[in-house]
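Please look through the sequence and the fold below before reading on. The paragraphs that follow take the structure one region at a time.

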Amino acid sequence: MPTKLYDDIIFGPVRSRRLGLSLGVNLLPLDCKLCSFNCIYCECGWTEKGHKATFNKREDVARLLADKLFEMVNADNAPDVITFAGNGEPTMHPQFEEIIDDVLKIRDNYAPSAKVSVLTNGTMLKKESVRRALQRVDNNIVKLDSAFDETVRLIDAPLGEYSVAETVRYMKMFEGSLIIQTMFLRGTYNGMPVDNTTAREVSAWLELVKEIRPRQVMIYTIDRDTPAPDLEKVYLDELGDIARQVRALGIECSVAG
């Protein structure tokens, strides 16, 4: 299926299913995806292995964000949220912490009611500077698509070493001040069945949610084109059932079908 890269450093605003009117910040290259995962459902397509890292410059991010916020506020259209997303994993940027500080100051100056959110796959939580930066934003949204390494390898396809247990250990360092985000899907990929909605998968995932105790869980399913063609959306009533089990743990859970 066709997928799409973001061709601007600051993009949108777009209407997010989970976050409201969202102004996007893309720290990654504009001509390719750069990520530590190669998710089979990523709307940006496949990660190019061996591509030279050309992150967007810190000063360009700050200047373009300030210009866009000024324009939006003057049009009485301030965003609900400023979201770090784009063409890959934002926390890979070598100046991620400094950029977060810049964005928080710019937000406070132009649109103080806007939340700052980061969508991350969690692979860089091992860096103390990344953890510090994520603790300063309003919504640090960390991916956890399965409790099993083999399922993560199938769905998320980490390009380096990855362990669910290690990622969970770092997530627990936030002491509940984080949001878990999980994509539920099913189908086939390269002739292999894909399904993280089975009783075994959901039960093990719920145990990790209970262990991490996040302030919120966001669950969702496919809504856009995916690079792997044989994936299927999960029905809204199934997502609702999973959400009820999360809420039974005393944790807020939102659903996007």
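Two strands count as paired if DSSP finds at least two bridges between them. The model shown here is predicted, and this rule can be applied first to its hairpin. Strands β7 (186-189) and β8 (192-195) pair in the antiparallel sense over four bridges. Y189 has M192 in β8 as its bridge partner. Two residues lie between the strands of this hairpin, and N190 takes a positive phi near 50° there. N190 belongs to the loop between β7 and β8, and it is not a glycine. Is N190 buried or exposed? Its relative accessibility is 65%, so N190 counts as exposed.

A second residue with this kind of backbone angle is E175. Its phi is positive, about 50°, although E175 is not a glycine. E175 sits in the loop between α5 and β6. With a relative accessible area of 73%, E175 is exposed. Most residues other than glycine have a negative phi, and most peptide bonds are trans. The second half of that statement also has an exception in this model. The peptide bond from G12 to P13 is cis, with omega near 10°. P13 has its place in strand β1, which covers residues 10-16.

Next come the parallel strands. Strand β3, residues 81-85, runs parallel to strand β4, residues 115-120, and four bridges join them. Within this pairing, T83 stands opposite S117 in β4. The connection from β3 to β4 involves helix α2, residues 96-110, and the three elements make a right-handed β-α-β unit. What does β4 pair with on going further along the chain? Four bridges join β4 to strand β5, residues 139-143, and these two strands run parallel. S117 appears again here, as the residue opposite N139 in β5. Helix α3, residues 128-136, together with β4 and β5, makes a right-handed β-α-β unit. S117 of β4 therefore stands opposite T83 and opposite N139, given that strands are paired through bridges.

Helix α5 covers residues 164-172, and its buried residues are V164, T167, V168, Y170 and M171. Why do these residues line one face of the helix? Seen down the axis of α5, they fall within an arc of 160°, so they line one face. What do the buried residues of α5 pack against? They pack against α3 and β5, and also against α4 (149-155), β6 (179-183) and α6 (199-212). Helix α3 and strand β5 have already been met as parts of a right-handed β-α-β unit. At the N-terminal end of α5, S163 acts as a cap, with a side-chain oxygen 3.3 Å from the backbone nitrogen of A165.

The last region is the loop between β2 (20-26) and α1 (58-74), where N38 is found. N38 counts as buried because its relative accessibility is 11%, under the 20% limit. Which residues does N38 touch, leaving aside its neighbours within four places in sequence? N38 is in contact with K33, W46, T47, D156, A157 and L159.

C32 is found in the loop between β2 and α1 as well. C32 and T47 are 15 residues apart in sequence, and their C-alpha atoms are 7.8 Å apart in space. T47 is also one of the contacts of N38. At 1% relative accessibility, C32 counts as buried.

The cysteines raise one more point. A disulfide is a covalent bond between the sulfur atoms of two cysteines. How many disulfides does the model contain? The count comes to zero, with a cut-off of 2.5 Å between the sulfur atoms. C32 is in no disulfide, and the nearest cysteine sulfur, that of C44, lies 11 Å away. C35 is in no disulfide either, and the nearest cysteine sulfur, that of C39, is 6.3 Å away. C35 is buried, with a relative accessible area of 12%.

Note on methods. Residues numbered from 1 in each chain as written. Predicted model: local features only at pLDDT ≥ 70, side-chain atom pairs only at ≥ 80, totals over all residues. Heavy atoms only, no water. Right-handed = clockwise from strand over helix to strand, strands pointing away. Buried < 20%, exposed > 50% of the residue type's maximum accessible area, 1.4 Å probe, protein only. Arc of directions from axis to C-beta. Contact = heavy atoms within 4.5 Å. Polar contact = N/O pair within 3.5 Å; in protein donor to acceptor, adjacent residues only side chain to side chain.
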